[in-house]
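Work through the exercises below with the sequence and the structure open beside you. Each task is followed by a solution that goes step by step.

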Amino acid sequence: MIPVPRYIADADNSPLLLSVCSLVQSQEKYDRLLASFARVGFTSDNSEFLAADNRAGNRFDGFSWTKALLAEARGSYVIFCHDDVELIEDGFDRLVARLAELDALAPNWLLAGIAGGVWHSGPSRQPVVAMRVSDKFGENQRRGNLPKQVETLDECFLLMRRSRPVISSYDLTGFHFYGADICLQAELAGGTAWAIDFHLRHHGDATRGPHFRACRREFVRKHASYFPDRILHCLSGVLLLQKPDT
C-alpha cells in the first residue's frame, strides 16, 4: 500500500495560542501559579498547561525539561516558567499585546522574557539589566526602556514561537545558565532575544546552589569556543567567555 502523506502548508496551525510549560518541584507553588493564570484570562479555550514533573525527584534538569515539553506543546507561543512564578495584574490580553508589539518591532525575535542582561561595551563588571518584575529584591522593579533587546534572559519566564523553536544545548546539564545558553543558541540561529514589559512576581530566593560554580565553568568552557573573549551579561553576573588554557 502506498503511504498517505500529510501535507503541511502552514507552520503554525494550532487552535491554541499559548502553551504554558512549567518545571514543577512543588505542588503548592504550582497550584498558586495555575490559580494566578486563571485569574487573569488564561483559559482552556486559549491555553494549555504542561508540567515537567520533578515533584518526586529531578527527572529533568534545566536543559532537558524545555526540550521534553516543547515536543508536547500545541500552542502558537510556548511559555517556559518556573513553578514559583505568579501573575499579578498583567494577563492574557496584555501578553498577547506585548507579543504583537514585538512582532512588529523585531520580526526576527526568537525569545522573550521579563528580565535579561544587556550587551554593554564599557568596563563595568556589574551586569546591565532590562526587566519588569516583582521579587525578593523589590516591588514592580523596572529597568530599561522595554521592550529591550538583551543577550541573556532569566530562566524564570521564557517564551518562544512554536513555529520558530530554539533548542538548548545537549552537552550541558544542571539548573543554571540554561537561559543564557538558549539565548546564545538563538543568536547563532540568526535571531534575537528581548525583555518585554510583562509584570509578574517571582517568588524565587535567588540562591545559587552547590553546583552553580560547576555549571558556570562548563558553560564558559563550551561557549568560549563559539564566542571567544566575549563579555556576557547575565542576571547572576558578568562572564568572560575565555578558554581555561588562555
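Helices (H or I, at least four residues) and strands (E, at least two) are DSSP runs, numbered from the N terminus. This is a predicted model, in which local features need pLDDT of at least 70 and side-chain atom pairs count only at pLDDT 80 or more, while totals for chains, interfaces and linings use all residues. Residues are numbered from 1 along each chain as its sequence is written, and side-chain values use heavy atoms, with hydrogens and water left out.

**Exercise 1. Surroundings of a strand**

Task: Find strand β3 (residues 77-82) and work out how many of its residues are buried.

Solution: Begin with the term itself: buried means under 20% relative accessible area, exposed means over 50%, and partly exposed lies in between (1.4 Å probe, protein chains only). By this rule six of the six residues of β3 are buried, so the strand is largely enclosed by the rest of the structure. Next, take the two faces in turn: Tyr77, Ile79 and Cys81 are buried on one side, and Val78, Phe80 and His82 are buried on the other.

Task: Determine which strands pair with β3, and in which sense.

Solution: Two strands pair if DSSP finds at least two bridges between them. Strand β1 (residues 18-24) is joined to β3 by six bridges in the parallel sense, and within this pairing Leu23 has His82 as its bridge partner. Strand β11 (residues 157-161) runs antiparallel to β3, with five bridges between them, and here Ile79 has Leu159 as its bridge partner.

**Exercise 2. Charged side chains**

Task: Examine the pair Glu101 and Arg98, and state where both residues lie.

Solution: A salt bridge is a side-chain nitrogen of Lys or Arg within 4 Å of a carboxyl oxygen of Asp or Glu, and the structure holds 16 of them. Glu101 and Arg98 form one, at 3.4 Å from N to O. Both residues belong to helix α3 (residues 92-105), where they are three residues apart, about one turn of the helix. With a relative accessible area of 33%, Glu101 is partly exposed, whereas Arg98, at 19%, is buried.

Task: Say which residues are linked with this pair in a network of salt bridges.

Solution: The network links Glu89, Asp90, Arg94, Arg98, Glu101, Arg132, Arg142 and Asp197. One of its contacts is the salt bridge between Arg94 and Asp90, whose closest N and O atoms are 3.6 Å apart. Arg94 counts as partly exposed at 29% relative accessibility, while Asp90, at 7%, counts as buried.

Task: Repeat the analysis for Glu218 and Arg221.

Solution: The side chains of these two residues meet in a salt bridge of 2.8 Å, N to O. Glu218 and Arg221 lie in helix α5 (residues 212-223), three residues apart, about one turn of the helix. Glu218 has a relative accessible area of 34% and is partly exposed, and Arg221, with 37%, is partly exposed as well.

**Exercise 3. Cysteines**

Task: Count the disulfides, and then inspect Cys156 and Cys183.

Solution: A disulfide is a covalent bond between the sulfur atoms of two cysteines. The criterion applied here is a pair of cysteine sulfur atoms within 2.5 Å, and by this rule the count comes to zero. Cys156 is in no disulfide, the nearest cysteine sulfur being that of Cys81, 8.5 Å away. Cys183 is in no disulfide either, and the nearest cysteine sulfur, that of Cys234, is 8.9 Å away. Finally, consider burial: Cys156 is buried, with a relative accessible area of 2%, and Cys183 is buried, with 3%.
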